[in-house]
Amino acid sequence: MTALELRRVSKDYGEGPAEVHALRDIDLSVEAGALVAVMGPSGSGKSTLLTIAGSLEDPTSGEVLIGGTALSGMSRNDKARLRRRSIGYVFQDFNLLAGLTAAENVALPLELDGIAARKARVTSMATLEELGLADRASRFPDELSGGERQRVAIARAVVGERRLLLTDEPTGALDSANGEAVMRLVRAACKRGVAGVVVTHDAQLASWADRVVFLRDGRVADQTSPPPGPESLLASGPRQAPGTGQ
Amino acid sequence: MSVRHALLALLSEGPKYGLQLREEFEARTGEVWPLNVGQVYTTLQRLERDGLVESDDAGEDGPQKGFRITADGAQELAGWLRTPPDLSSPPRDELVIKVLVAMRLPGVDVHEVVQVHRKYLVELMQEWTRLKEDEADYDLPLALAVDAELFRLDSVIRWLDSADGRLRRAAGDPPGRAASPVPMPMPRLRRKAGVRR
Amino acid sequence: MSTSLRERPAGLGTGGGVPARRAMVRWAWRLFRREWRQQLLVLALLTVAVGGTILGAAVATNTPPPANRGFGTANHLVTLPGNDPHLTADIAAIRRQFGIVDVIEDQTIAIRGSVNTFDLRAQNPSGPYGGPMLSLVAGHYPAGPGEVAVTSAVASALSLRIGDRWHEGGHAWRVTGMVEDPQNLLDQFALVAPGQVSTPDQVSILLDSSPAARFHFPRGAQVQSIYSHPKSSGISAAVIVLILSTVCLIFVGLVAVAGFTVMAQRRLRALGMLGALGATDRNIRLVMVANGAVVGIVATLLGAVLGFLAWIAYEPHLETITEHRIDLLSLPWWTIGTAMALAIVTSVLAARRPARSAAGLPVVAALSGRPARPQPAHHSALLGGLILVIGLLLFAFAGSSNGNGGSGSLEIVLGLVAITIGSVFLASLAIAVLGPAGRPAPIAVRLALRDLARYRARSGAALGAVSFAVFLAVLICIGASYRFSDVLDLTGTNLAPNQLIVYTGCNNGACPASPPAPAQARAIEARVAASLGTHDVLALYTTSATLWRASTRNNNFTGTLYVATPALLRHYGITPSQVSPGTDILTSRAGLSSVTHLNLIFGNYFGNGHAGKGNGPGAPPASCPASDCLASPKIQTISSLPPYVDGPNTVITAHAVHALGLHLNGLAGYLIQTSQPLTKKQIYDAQQIAGAAGANIETKSAQPSLSQLLDSATAFGLLLAFAVLAMTVGLIRAETASDLRTLAAAGAGGTTRRTLTGATAGALGLLGGLLGTAVAYLAGIAWFHSTPGNLTHVPIVNLAILIIGMPLAASIVGWLLAGREPPTIARQPIE
């Protein structure tokens, strides 16, 4: 099933000489259970792609489909409901609401969707437990380390029946060990059927994805083919890259 | 990394047989570095010759022969651990040369060349990452070795990114200024490299 | 992740229903608990407003003496003189007629070696009506012959304690208790059991009678009804306090808008995150509105507690000032309840606008912390202009209805609200002008002005609050100047503090039903003067004549036209040579001589139905016949006549009395003057003496003078403006602390910081002063449009202080105080 599909999506900002084409005719589809990385330098339009895919912004032209449903023609409230039920976000450095504990932060999308507080809390605790964060459940964001904050953010992004996990440089402010822990969680979520998109300029982060899409000047410049699997590395030792002579 | 010092390191834990040494060597380097039996024994003989290890007895060579480290060997190992590897001189990097050539070759889009390499490197990294994802929980040496490989590949990609950006800016600049640094890059590089070597 | 949530609540629409709202309110409450310090300003202002309202309302309602003072629970009080030969029979007759009565007998007893007296009072403590007039402080009530209970002042004057023996007039009394009259602590007496006063000087009978009941009371009896007692006119004191607190809350609301806007800006990323999580616009609005409600509720509860504590602390003090016992719980509860509700509503309303703009922002903009672009200023200016015009119209309506006798207080309050809201909208226009205006200024000033223009929501609210402070002050100044410049309807201090008028005859057209005979009047005067210990007495006479201006619609001559008797002229040191021959009227009212269409009316003109008395719609001046009127009497201004409104400030000369053959109305009263200002006790005693004889007295009321009014209004406006500036400039500059850090990194030192703060304060002050004054003048013109007069009596000094002095002082103080490096430079608030 295609969890996210972008069809000829373009986004322009500004008008006249100040017009910026952030995205041009982007086609992208992410299957359920797949993790796609969008890689590109600053200003390549990758963050815009994420906000458009997550219904936070409307494309100038083109169509976005989430779980097969087109976003065009949806009201602000309909989109809000879609976000509550189907989309989880993880941003680089600011994710959790101060004043709410980790468990309450995770329960928030459920409560916003009309699930009673107690029940939402049970679900949120279950999710935190799965991610090994049960002992941090009653901590406030400012009592958590950066890595724990991002992991709680992922818990919040996947709680309930989310089908789409959108992350923007989720390990940007973390050291590599914490970054790896976060990416392992994202991978784990994808293994359970969530479609993931990670936007980054960091190749190490992108290498966790099943497929890497290279974005340049608002266009898809290239993408990797699915890797043959780790066995190939061991079978023949490190392959010689065409240019990395050793 | 020299096999010599790896074997010394293994022996510093205690006396070991030849076969044991080979198995442990492979286990510790995360099976990234396969080793044949002959290599192990050749190295052991040299070590013995240099007085860094000594064997049980002068009996038959083979997998059942035991080895232990000498005081000289321990000293040699300690000195080696603290000697920085030779990173000061740039390797003759084939990738760099390819990009430099592509830049000046008419009819070749240097960005496309860069992207081909970048894509290949990312795919390679994906494979390493997948290996780490599947195995590294149980295998610390493997994780360390994969990390090293990932960081190395990452640095190459970073260089590609930076080269890409630099080329782009140069193309955007007026041709008069952009032309001047381009014509003579290789001789300069070679000269510098030559001095060091 | 794997936890299934199959059963989604159905039919909730898109909002998430109650659980979503509950989650939002919970978060708002948590945020308040974490960040209440950042909202301390709004909290403190609201708390003070609520606490002040409660204390003010409590004091205002409990300051006037109880309405039933002297009546107990009865509605009529009959006083019989002690020299009534048939006293016992008369009392019996009244008792027969009315059934249940309460008889109180008083005998005046002098304290040896003192001019003070007290009463020996026989009253039944459990009498049917007199209960509220007696309370036991200690011991027990006198139960039989030979027992007495005294008030504290009597006890100390006679050095008596409970158990002591007191010998008086051949009697020996044993003191059994201490008593007081809770309705009147000045009432000093010694209480004995009923029937124990053998020779009363006065007998008071309390009885309940429907007003219609007719009974022929014996000669010499004075009958007072509780219904005829003067009630405070129109609006009760509590309502005035409520109006004041409304105005105060409008003001607090403006500051709160600025505070909540800053708050919303600070939380913008969190609100954006909420939007990204799928909160609807309503949910996001709810967070901010709930925050406003929490602030309002906390501040209101806190204010209520503080207000009640202050009341409990102040109440004993108030009892000694007002000389009557006060029930701690006799408070205007509905006023207090309304004020508390208003405070919460104010806070919620103030939170609404920032809430709406935060919720309307695109999620992406909110997530990156970019505030909404300010709306084009002309939009809000148009709306502001419209609301301002509505406010001015309401004021105009209130102004004309006020002249016609209506109170128009609702229009005033609504008008004030509309004018305030209108000015806030206009304020954002004025703020928008600031940015370009500062272009040629040095960098620090330019930066300060540009920041004000950029963050228009909060600087607009701050400017609105400053201009509102100035507006109130200038409006009071204009109104007072206008009012005090009216020579016909004089306003001001009624009497000097050492003066007292005993009215024994007609006073300002109102004549007592049974005026005392001249001899009796003379006796009253003598007793009052004796009680005050003075001989400085001036008899005041009136004629049937008065001044009347034919052409005005609203204001006409007020005051009494006394006769310039030789004694009066002598009293004020006016020699006959000072009076020009042929003068009809002497006055101390400067400008009265130049008033046109003035007639001296003396005949039966009003009686003939030509015109209503005094203030009614006027008949054309031409129709006033010479037999009834003297058109344009000759008026001479003599400054040595007293300036007091109720003193003889305008007198008719003997020449006019003779020339017009005026009929003397006779003695109006006596102006009695003492060397020292009158004490409360003296006034009370004089009231008792005059009241018992059917006369009234007048003493200096609380009416302030013009300069007092202007000065206090200006001081009030200044204080308010300074307070707002102190709070909002701090708020605005604290928010731009990161700019300061950048500036400091760029090498800017303390001077730049000082200039920034000074320029911010000065610009807000100057704009606020100008805007407030302009709007106040518009409101003044609207208010007085129906009473054509001039608004040219401009209190220039006061205006200059507000428009020039206030911003100048604000920027100097800002400059001086901003020298210290603020701690916010070092650390940014954590998200």
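Biologist: How many residues of chain A are in contact with chain C?
Modeller: In this predicted model, contact means C-beta atoms within 7 Å. By that criterion, 32 residues of chain C are in contact with chain A, and the number on the chain A side is 36.

Biologist: Which element supplies the largest share of the side of chain A that touches chain C?
Modeller: Three helices of chain A, namely α2 (76-86), α3 (102-112) and α4 (117-130), each supply at least two residues of that side. The largest share amounts to seven residues, and its source is α2(A).

Biologist: How many residues on the side of chain A that touches chain C are nonpolar?
Modeller: The residues of this side fall into three classes. Eight are polar and 12 are charged, while the number of nonpolar residues is 16.

Biologist: Which strands stand at the edges of the sheet in chain A?
Modeller: The sheet is open and antiparallel, with its four strands in the order β2-β1-β4-β5 (chain A). An edge strand has a single partner, so one of its sides is left without a neighbour in the sheet. The strands in that position are β2 (20-31) and β5 (69-70) of chain A.

Biologist: Which residue stands opposite A:E5?
Modeller: Strands β1 (residues 2-13) and β4 (residues 61-66) of chain A pair in the antiparallel sense over five bridges. Opposite A:E5, in β4(A), stands A:L65.

Biologist: What angle does the direction of helix α1 of chain A make with that of β1(A)?
Modeller: Helix α1 (residues 46-53) of chain A packs on the sheet and touches β1, β2 and β4 of chain A. Its direction and that of β1(A) make an angle of about 125°.

Terms used
Residues are numbered from 1 along each chain as its sequence is written. Chains are lettered from A and ligands numbered from 1 in the order in which they are written. This is a predicted model: local features need pLDDT of at least 70, side-chain atom pairs count only at pLDDT 80 or more; totals for chains, interfaces and linings use all residues. Two residues are in contact if their C-beta atoms, placed from the backbone, lie within 7 Å. Ala, Val, Leu, Ile, Met, Phe, Trp, Tyr, Cys and Pro count as nonpolar, Asp, Glu, Lys and Arg as charged, and the others, Gly among them, as polar. Two strands pair if DSSP finds at least two bridges between them. Axes are lines fitted to C-alpha atoms, for helices over the stretch in contact, and angles run from 0 to 180 degrees between N-to-C directions.
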